[in-house]
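Here's a quick tour of the structure you've got open. Keep the viewer handy and click along as you read.

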Amino acid sequence: MLTNLLKYKDYYAGITFDPSADAFHGRVIGIRDVIDFFGRTPEELRAELKASVEEYLAWCEEEGTKPEKTWQGKLTLRIDEGLRNRLAVAAAAHGESLNAWITAVLDRETRRVLAEHG
């Protein structure tokens with residue numbers, strides 16, 4: 001089970017411990033806008049995530065802007081030649097293009113991770 005992610009609505013936050021604040025720090029991932037929050041207990045952290053996302057949504061409404069939901073655009077990877085070659089071989093072994101095979105693998109693995117999260 002992953003313990004470093006929290007979800008509220010369609011927003012996921014990465015969680016770390018901040019020893020200088022003696023609290024857990026969360027930051028919503030996948031958007032350019034910054035949504036940070038802190039909590040000393042899991043309950044407080046969840047409540048702060050909810051409050052921060054709701055505050056962000058209210059701010060977007062006041063500003064007349066559309067809230068960001070996910071990453072958009074291209075994904076560029078810098079990988080070494082050996083991995084690139086193994087990826088190409090694996091894709092060919094499955095009778096798929098490199099892009100299609102990588103997309104399928106990433107889709108499967110991200111669904112698995114999110115299913116573990118709940």
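Let's start in a loop: Asp22 sits in the stretch between S2 and S3. Its backbone is a bit unusual, since Asp22 has a positive phi of about 50 degrees although it is not a glycine. Keep in mind throughout that this is a predicted model. From here we'll go through the loops, the core, one histidine, the surface and the salt bridges.

**Loops and backbone**

- Asp22 has company: Lys9 also shows a positive phi, near 55 degrees, and is likewise a residue other than glycine.
- You'll find Lys9 in the loop between S1 and S2.
- Arg32 is in another loop, the one between S3 and strand S4 (36-39).
- Is Arg32 buried or exposed? Arg32 is exposed, because its relative accessible area is 74% and the cut-off for exposed is over 50%.
- Along the chain, Arg32 and Lys69 are 37 residues apart, and their C-alpha atoms are separated by 9.7 Å.

**The nonpolar core**

- How many residues does the largest nonpolar core have? The count is 15, and the residues with the most contacts inside this core are Val28, Leu49, Val53 and Tyr56.
- Three elements give two or more residues each to this core: strand S1 (5-8), strand S2 (11-18) and helix H1 (42-63).
- Helix H1 supplies the largest share of the core, with six residues.
- As background, nonpolar side chains tend to be buried together in soluble globular proteins.
- Tyr56 is a good one to click on. Setting aside neighbours within four places in sequence, Tyr56 is in contact with Tyr11, Ile31, Asp33, Ile35, Pro67 and Glu68.

**A buried histidine**

- His25 belongs to strand S3 (residues 23-29).
- His25 counts as buried because its relative accessibility is 17%, and buried means under 20%.
- What does the side chain of His25 make a polar contact with? The partner is the side chain of Asp36, at 3.3 Å.
- Asp36 also turns up in the wider contact list for His25, which leaves out neighbours within four places in sequence: Gly14, Ile15, Thr16, Asp18, Asp36, Phe37 and Phe38.

**A nonpolar patch on the surface**

- Not every nonpolar side chain is tucked away: Leu75, Leu77, Ile79 and Leu106 form a nonpolar patch on the surface.
- Together these four residues have about 390 Å² of accessible area.
- Leu77, one of the patch members, is in the loop between H1 and helix H2 (81-93).
- Leu77 counts as exposed because its relative accessibility is 52%, and the cut-off is over 50%.

**Salt bridges**

- The model has seven salt bridges. Among them is the pair Lys9 and Glu54, whose side chains meet at 2.8 Å, N to O.
- Why is the Lys9 and Glu54 pair worth a look? Lys9 lies in the loop between S1 and S2 while Glu54 is in helix H1, so the salt bridge ties together parts that are 45 residues apart in sequence.
- Both partners are partly exposed: Lys9 has 43% relative accessibility, and Glu54 has a relative accessible area of 30%.
- Over in helix H3 (residues 98-117), Arg111 pairs with Asp107, with the closest N and O atoms 2.9 Å apart.
- Arg111 and Asp107 are separated by about one helical turn because they are four residues apart in H3.
- Arg111 is exposed, with a relative accessible area of 56%, whereas Asp107 is partly exposed at 35%.
- Glu116 and Arg112 form another salt bridge, the closest N and O atoms being 2.7 Å apart.
- Glu116 and Arg112 are also four residues apart in helix H3, so about one helical turn separates them.
- Glu116 is partly exposed, with a relative accessible area of 37%, and Arg112 counts as partly exposed too, at 41% relative accessibility.
- This pair is part of a network: salt bridges that share partners join Arg108, Glu109, Arg112 and Glu116.

Terms used. Residues are numbered from 1 along each chain as its sequence is written. This is a predicted model: local features need pLDDT of at least 70, side-chain atom pairs count only at pLDDT 80 or more; totals for chains, interfaces and linings use all residues. Side-chain values use heavy atoms; hydrogens and water are left out. A nonpolar core is a set of buried Ala, Val, Leu, Ile, Met, Phe, Trp, Tyr and Cys residues joined through side-chain atoms within 4.5 Å. Buried means under 20% relative accessible area, exposed over 50%, partly exposed in between (1.4 Å probe, protein chains only). Contact means heavy atoms within 4.5 Å. A polar contact is a pair of N or O atoms within 3.5 Å; within protein, one must be able to donate a hydrogen and the other to accept it, and residues adjacent in sequence count only if both atoms are side-chain atoms. Patches are made of residues with over 30% relative accessible area and no salt bridge: like charges are joined within 9 Å, nonpolar side chains (Val, Leu, Ile, Met, Phe, Trp, Tyr) within 5 Å. Accessible areas come from the Shrake-Rupley method with a 1.4 Å probe; for residues, only the protein chains shown count as cover.
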